[in-house]
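Please open the model in your viewer and keep the selection tool at hand. The stops below are meant to be taken in order.

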Amino acid sequence: MHFTSEQRLDDGVLEREFTLGEIPGTLWTPECAAPGVPAAPAPLILMAHNNGLPKAEPRLVARARHTAAQGYAVATIDAAGCGDRPRSAADEQARADLRRAMQAGEPVDEIFESFIGPLVEKAVPEWRTTLDTLLALPEIGGPVGYSGWTALGIHLAVVEPRIAAAGFFAGGFVPSAQREKARQVTVPLLFLLQWDDEGNPRQRALDLFDAFGTKEKTLHANLGGHTGTPWFEVEDGSRFFDRHLK
């Protein structure tokens with residue numbers, strides 16, 4: 001891991017950009033409580049944006065900074081095909097077809113499966129490689145949480161035993177392979193649903209919540225569209241992770 005920049009923010013958080021091979025990422029960590037006093041290793045939360053948005057997406061950065069200020073190390077990456085990473089011509093065409101179909105109100109399942117499914121499959125190994133490297137840093141310890149994109153989170157929670165709790169957002173459009181894995185998700189789960197989300201069918205999200213195999217799962221539903229999640233859900237999310245990671 002190579003740190004390429006470092007910035008001390010006014011909320012007591014250290015923000016560092018890094019590269020890990022071809023993987024670009026950002027790490028936020030809380031600063032020491034007192035100068036010269038080593039801080040205890042912080043629990044880690046992996047924070048993923050939805051299907052291709054950049055790691056610098058403002059809503060993700062705001063959540064990450066708030067979470068780090070609560071005493072967590074928070075990391076995000078641009079996995080393969082996401083953010084500024086190179087995309088194939090086929091990926092770009094699939095994105096364009098998906099946007100066009102959604103705007104026209106046409107069926108999107110076939111396009112979605114052919115695009116998002118492979119994106120998740122390629123992203124999971126890079127997230128696991130990043131996790132390996134982050135946990136080797138002296139300022140980061142366990143346990144590990146996950147917050148963000150539902151399709152990726154399902155796959156990661158099933159294959160990665162170090163994840164102890166997860167928060168998922170907007171579960172309406174999740175590829176069939178990940179929906180089938182939902183019953184294998186056994187970690188404590190907080191599931192956020194925007195009731196009027198124009199891009200994620202409500203009933204599909206409710207069906208997915210019902211399918212999760214964990215014995216401890218909570219659904220928070222709020223009125224509004226996809227980007228209208230109230231800020232208090234970020235604060236509730238911190239309390240959820242406090243219960244399971246601290």
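A salt bridge here is a side-chain nitrogen of Lys or Arg within 4 Å of a carboxyl oxygen of Asp or Glu. With that cut-off in mind, and remembering that this is a predicted model, select arginine 128 and glutamate 160, whose closest N and O atoms are 2.9 Å apart and which therefore form a salt bridge. Arginine 128 belongs to helix α3 while glutamate 160 sits in the loop between α4 and β7, so the pair ties together parts that are 32 residues apart in sequence. Colouring by accessibility separates the two partners, for arginine 128 is partly exposed, at 30% relative accessible area, whereas glutamate 160 counts as buried at 2%.

Next, add aspartate 132 and arginine 162, whose side chains meet in a salt bridge at 2.6 Å from N to O. Aspartate 132 is again in helix α3 and arginine 162 in the loop between α4 and β7, so this pair ties together parts 30 residues apart in sequence. Aspartate 132 is partly exposed at 44% relative accessible area, and arginine 162 is likewise partly exposed, at 31%. Show the four residues together, and Arg128, Asp132, Glu160 and Arg162 appear as a linked network of salt bridges, within a structure where 13 salt bridges are found in total.

Now turn to the strands, nine of which form an open sheet of mixed pairing, to be followed in the order β1-β2-β3-β5-β4-β6-β7-β8-β9. At the edges stand β1 (2-8) and β9 (217-222), each of which has a single partner strand, so one side of each is left without a neighbour in the sheet. From one strand to the next the twist averages 20 degrees. Within the sheet, select β4 (residues 42-48) and β5 (residues 73-77), which run parallel and are joined by three bridges; leucine 46 has alanine 75 of β5 as its bridge partner. Then display helix α4 (residues 150-159), which lies across β4, β6, β7 and β8 and runs at about 140 degrees to β6.

Keep leucine 46 selected and show its surroundings, where its contacts beyond four places in sequence include Ala75, Trp127, Leu131, Val144, Tyr146 and Leu156. What does the largest nonpolar core contain? It has 54 residues, of which Leu44, Leu46, Trp127, Tyr146, Trp149 and Phe212 touch the most other members, and its largest share, 11 residues, comes from helix α3 (residues 109-134). As a last selection, look apart from this core for another one of 17 residues, among them Leu9, Ala165, Phe240 and Leu245.

Note on methods. Residues numbered from 1 in each chain as written. Predicted model: local features only at pLDDT ≥ 70, side-chain atom pairs only at ≥ 80, totals over all residues. Heavy atoms only, no water. Pairing = 2+ DSSP bridges. Helix = DSSP H or I, 4+ residues; strand = E, 2+ residues; numbered from the N terminus. Axes fitted to C-alpha atoms, helices over the stretch in contact; angles between N-to-C directions. Contact = heavy atoms within 4.5 Å. Core = buried A, V, L, I, M, F, W, Y, C linked by side-chain atoms within 4.5 Å. Buried < 20%, exposed > 50% of the residue type's maximum accessible area, 1.4 Å probe, protein only.
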